[in-house]
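Here are my notes on this one, set out point by point. Have the viewer open while you read.

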Amino acid sequence: MLFRSKKGYRAIGMGVDQAAFLSPDKRAILKIFGTKKRFGPEKLSNAQNMFITWANYCAVHRDNPYLIKFLKGENGKTWTPFIFNGHRYIQMWQEFLPALSYQNSKTVAMLSGVIRDTSREEFSEYLKALDLPASKRPYGTQIARFLKAGKKYLGSGFPLFVNTVMDLKEIAKQNGARLDLLLDNFRRRADGTPVIVDPWYAN
């Protein structure tokens with residue numbers, strides 16, 4: 001990937017068949033995926049296909065403040081193919097955002113864990129029970145603490161965040177992946193809004 005480094009891009013992540021670069025103006029991240037012969041000339045691994053699914057989901061829900069924003073390429077899609085030294089690659093651009101504070105990212109990641117392990121119906125019941133005295137809640141105080149912290153942090157956007165994570169959980173299940181909202185998978189906007197940057201793990 002030296003051809004990017006020579007143009008002022010700084011490598012911030014390298015994998016077996018992919019790499020991430022910070023743009024010279026530090027406003028965007030360029031992600032490049034290399035294809036392999038065993039996947040065919042135009043095919044990608046399952047993990048790479050899931051990332052493209054993620055980029056397309058973000059494009060469709062572009063007004064959702066909890067999703068990272070991708071830039072569209074010349075082909076009108078969120079990814080653009082190119083050839084370098086006879087090898088096929090796919091590149092994607094996404095906005096660069098700073099990390100959440102440790103406490104906020106911990107709150108959001110733990111809240112995501114609660115969402116991951118419950119259905120939409122169960123979560124709705126959890127929210128209703130928040131107004132009950134602790135002794136009458138039909139679930140543990142730990143879940144209540146996470147929900148209260150999340151509701152306090154996200155304010156009126158709390159329902160949208162919950163529904164977003166529920167959507168991502170369902171998409172992961174449909175594609176043989178799993179929800180993977182760990183601390184490192186969140187960033188923040190200038191107003192402190194948490195942003196999901198990479199929600200799934202797939203082999």
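Which residue of E6 does leucine 71 stand opposite? Tryptophan 93 is the one facing leucine 71. Before going further, keep in mind that this is a predicted model.

1. Let's stay with E4 for a moment. This strand covers residues 70-71, and it runs antiparallel to E6, with two bridges joining them. Tryptophan 93 also turns up on the E3 side: it is the bridge partner of leucine 30.

2. Next, E3 with E6. These two strands, the latter spanning residues 87-95, pair in the antiparallel sense over seven bridges. Besides the leucine 30 and tryptophan 93 match, you can pick out glycine 34, whose bridge partner in E6 is tyrosine 89.

3. E6 has E5 to deal with as well. Strand E5 (residues 80-84) pairs with E6 over five bridges, again in the antiparallel sense. Phenylalanine 84 has histidine 87 of E6 as its bridge partner. The two strands form a hairpin with two residues between them, and asparagine 85 there takes a positive phi near 50°.

4. Now the other hairpin. E2 (residues 18-22) and E3 pair in the antiparallel sense over five bridges, with alanine 19 opposite isoleucine 32. Five residues lie between the strands of this hairpin, and lysine 26 in the turn has a positive phi of about 60°. If you check backbone torsions, lysine 26 and asparagine 85 are worth a look.

5. How buried is E3? Seven of the seven residues in this strand (residues 28-34) are buried, so the rest of the structure largely encloses it. Ala28, Leu30, Ile32 and Gly34 point one way, while Ile29, Lys31 and Phe33 point the other way, and all of them are buried. Note that Lys31 is on that list of buried residues.

6. On to the helices, with H4 (residues 120-129) up front. Its buried residues are Phe123, Tyr126 and Ala129. Looking down the helix axis, these buried residues fall within an arc of 120°, so they line one face of H4. Glu121 and Lys128 are exposed and sit on the face turned away from the buried side.

7. Arginine 137 deserves its own point. You'll find this residue in the loop between H4 and helix H5 (141-154). Is arginine 137 buried or exposed? Arginine 137 has a relative accessible area of 17%, which is under the 20% cut-off, so it counts as buried. Leaving aside neighbours within four places in sequence, arginine 137 is in contact with Ala129, Leu130, Leu132, Ala144 and Lys148. One of those contacts, Ala129, is among the buried residues of H4. As for Tyr126, its C-alpha atom is separated from that of arginine 137 by 8.5 Å, and the two residues are eleven apart along the chain.

8. Last, a helix pair. H2 (residues 46-60) and H6 (residues 158-174) pack at an angle of about 145°, their axes 12 Å apart. The crossing is right-handed. On the H2 side the contact is made by Thr53, Trp54 and Tyr57, and on the H6 side by Thr164, Asp167, Leu168 and Ile171. What does this contact of H2 with H6 have by class? There are four nonpolar, two polar and one charged residues.

Terms used: Residues numbered from 1 in each chain as written. Predicted model: local features only at pLDDT ≥ 70, side-chain atom pairs only at ≥ 80, totals over all residues. Heavy atoms only, no water. Buried < 20%, exposed > 50% of the residue type's maximum accessible area, 1.4 Å probe, protein only. Helix = DSSP H or I, 4+ residues; strand = E, 2+ residues; numbered from the N terminus. Pairing = 2+ DSSP bridges. Arc of directions from axis to C-beta. Contact = heavy atoms within 4.5 Å. Axes fitted to C-alpha atoms, helices over the stretch in contact; angles between N-to-C directions. Left-handed = near helix turned anticlockwise from the far one by under 90°. Nonpolar A, V, L, I, M, F, W, Y, C, P; charged D, E, K, R; others polar.
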